[in-house]
Amino acid sequence: MKSLDRFTEPLLEFGSKLAAFKPLEILRDAFMLAFPLTIFGSITLIIANFPFLANLIGEDAAGTLNALLGPASTATMSIAAIFLCLGIGYYYSKDKECDPIFGAAIALAAFLLVTPMEMNVDLEAGGQMLVSNIFNIDRLGARGMFVAMIGAYFASFLYCFFTKKNWTIKMPSSVPPAVSKSFAALIPAVITLTVFLLIRIGFMYTPWGNVHDFIYQIVQAPLVSLGRGLGATILAILAIQFLWFFGLHGQIIVNSVLDPIWNTLTLENLEAFQSGAQIPNIVTKQFIEIFTVGIGGSGMTLGAVILMIFFCKSKQLKQIGRLAAPAGIFNVNEPVIFGMPIVLNPTIFIPWVVAPIINVIIVYFAMSAGLVPYTTGITVPWTTPIFISGMLATNSWQGGVVQLVELVVVALCWFPFLKSLDRQNVKIEAETE
């Protein structure tokens, strides 16, 4: 037991520190800022691209509906980098006790300042040329995610640094608070945005031409390429299960680190889906959530809950199964994790770790072989019940069917170990009675 403590204590300490690491906490909160907006965009995108819609209402009507609903997803899901900037700026400034609204605004302005624009030329009827500069939408979405993240942190840091140094204009107490706060943020905002303007100008004289292409080629592309692989995904799932086994919320800890990569892959799929191009990525944020968490919560315990209800003889396990089933349908499984318990329970360690990895491999190769479509990038709440979530995430019935296959695999993996635990409990219950 002492040797186990020597192994687990450093792990618990590291996991706790990582979960409480402030930059990751800020990043996690910033991603959640866009959640209600992306849900709205996802609903409209699902309606506009509903399977066999053209057969139901005709191609012309389907095209019209798509055109009418298209702006909803563009204005929410395709500009995720903007929401990320606002979120990081707000939560970082709030943590440093600076005005969070100005922190969010400055972070967004700094990001847009280093974002390249494209020249748009239009000819009026009279032959007059109109020239305007516009942002390319992909710079505000998947391609700009890492620039938004790094830039927002740096801009927020500068704003708070100069504010804490009291490089501010203080107004008399008689001035309205909104005006006073604006003047207080003036000097830090000017210095911060000047720094970003100089960065923009400096990168114009580099081989990349702008910050976006530099970050994309040097940082984002290699990380995203690594994150989309099966090996990295298996390691992530292994870490999640391992941390949960020792009582740490593995999903939150691992997601905090990998969400920037998984969300970028999701946005790439969404852009391809919206444009009608081939969807590029198997592993995305929705792949992780729908085909792992979406089978009863972390560890895919819905199969174990069903086994406890119908195949276990132990009164304790049957009762836990009945109590956990309603929540498990919506992928909330804390009653199982702490009620069985799964935490530090060596009897079920193997199925707890192995079943999710087997299922991830099954789904990955099913998608790779073309048996199941890739996730489309649409945001599906992780609490959506099994089969429905798989269909919505892939825009196909195959996505729901493969979830049912996963459920069977989980049950098969758990059955011998759960029966062993059941026999132990039955013996204890008989002795107690």
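Which hand does the crossing of α3 and α5 have? In this predicted model, the crossing of α3 and α5 is left-handed. Two packed helices are described by the angle between their axes and the distance between the axes, and both values are given here for each pair in turn. For α3 and helix α5 (residues 59-74), the angle is about 160° and the axes lie 8 Å apart. Because angles over 145 degrees count as roughly antiparallel, α3 is roughly antiparallel to α5. On the α3 side, the contact is formed by F40, G41, T44, L45, I47 and A48, and these meet L65, N66, L69, A72 and S73 of α5. Sorted by class, the contact of α3 with α5 comprises seven nonpolar and four polar residues, with no charged ones.

Helix α2 takes part in two further packings. With α6, α2 makes an angle of about 135°, and the two axes are 8 Å apart. That angle makes α2 oblique to α6, and the crossing of α2 and α6 is right-handed. From α2, the residues in contact are K22, I26, L27, D29, A30, F31 and L33; from α6 they are F83, L84, L86, G87, I88, Y91, Y92 and D95. Eleven of the residues in the contact of α2 with α6 are nonpolar, one is polar and three are charged.

The second partner of α2 (residues 22-33) is helix α8 (residues 145-164), packed at an angle of about 125° with the axes 12 Å apart. The pair α2 and α8 is therefore oblique, and α2 passes α8 in a right-handed crossing. Here P23, L24, I26, L27 and F31 of α2 face M145, M149 and Y153 of α8 in contact. The contact of α2 with α8 has eight nonpolar residues and neither polar nor charged ones. Readers following individual side chains may like to look at I26, L27 and F31, which appear in the contact with α8 and also in the contact with α6.

Attention now turns to the open space in the model. The largest pocket holds about 880 Å³ of space. Its lining is made of 39 residues, and M32, D259, K285, E289 and W382 are the ones that lie nearest the centre of the pocket. Two or more lining residues come from each of α2, α3 (35-48), α6 (80-95), α12 (250-275) and α13 (285-290). Helix α12 gives the most to this lining, with nine residues. By class, the lining of the largest pocket has 19 nonpolar, 15 polar and five charged residues. The helices α2, α3 and α6 thus return in the pocket lining, after the packing of α2 with α6 and of α3 with α5 described above.

Enclosed space was examined as well. A search of the whole structure finds one cavity of 30 Å³ or more, and the largest cavity contains about 40 Å³ of space. This cavity is lined by I237, I240, Q241, Q251, T292, V293, G297, S298, G299 and P356. Helix α11 (residues 230-245) gives the most to the cavity lining, with three residues. Four residues of the cavity lining are nonpolar, six are polar and none is charged, whereas the lining of the largest pocket includes five charged residues.

Key: Residues numbered from 1 in each chain as written. Predicted model: local features only at pLDDT ≥ 70, side-chain atom pairs only at ≥ 80, totals over all residues. Heavy atoms only, no water. Axes fitted to C-alpha atoms, helices over the stretch in contact; angles between N-to-C directions. Helix = DSSP H or I, 4+ residues; strand = E, 2+ residues; numbered from the N terminus. Parallel < 35°, antiparallel > 145°, perpendicular 65-115°, else oblique. Left-handed = near helix turned anticlockwise from the far one by under 90°. Contact = heavy atoms within 4.5 Å. Nonpolar A, V, L, I, M, F, W, Y, C, P; charged D, E, K, R; others polar. 1 Å grid on protein atoms, 1.4 Å probe; cavity = no way out; pocket = protein on both sides within 12 Å on 5 of 7 lines; lining within 4 Å. Points joined across faces, edges and corners; volume = space filled by probe spheres on them.
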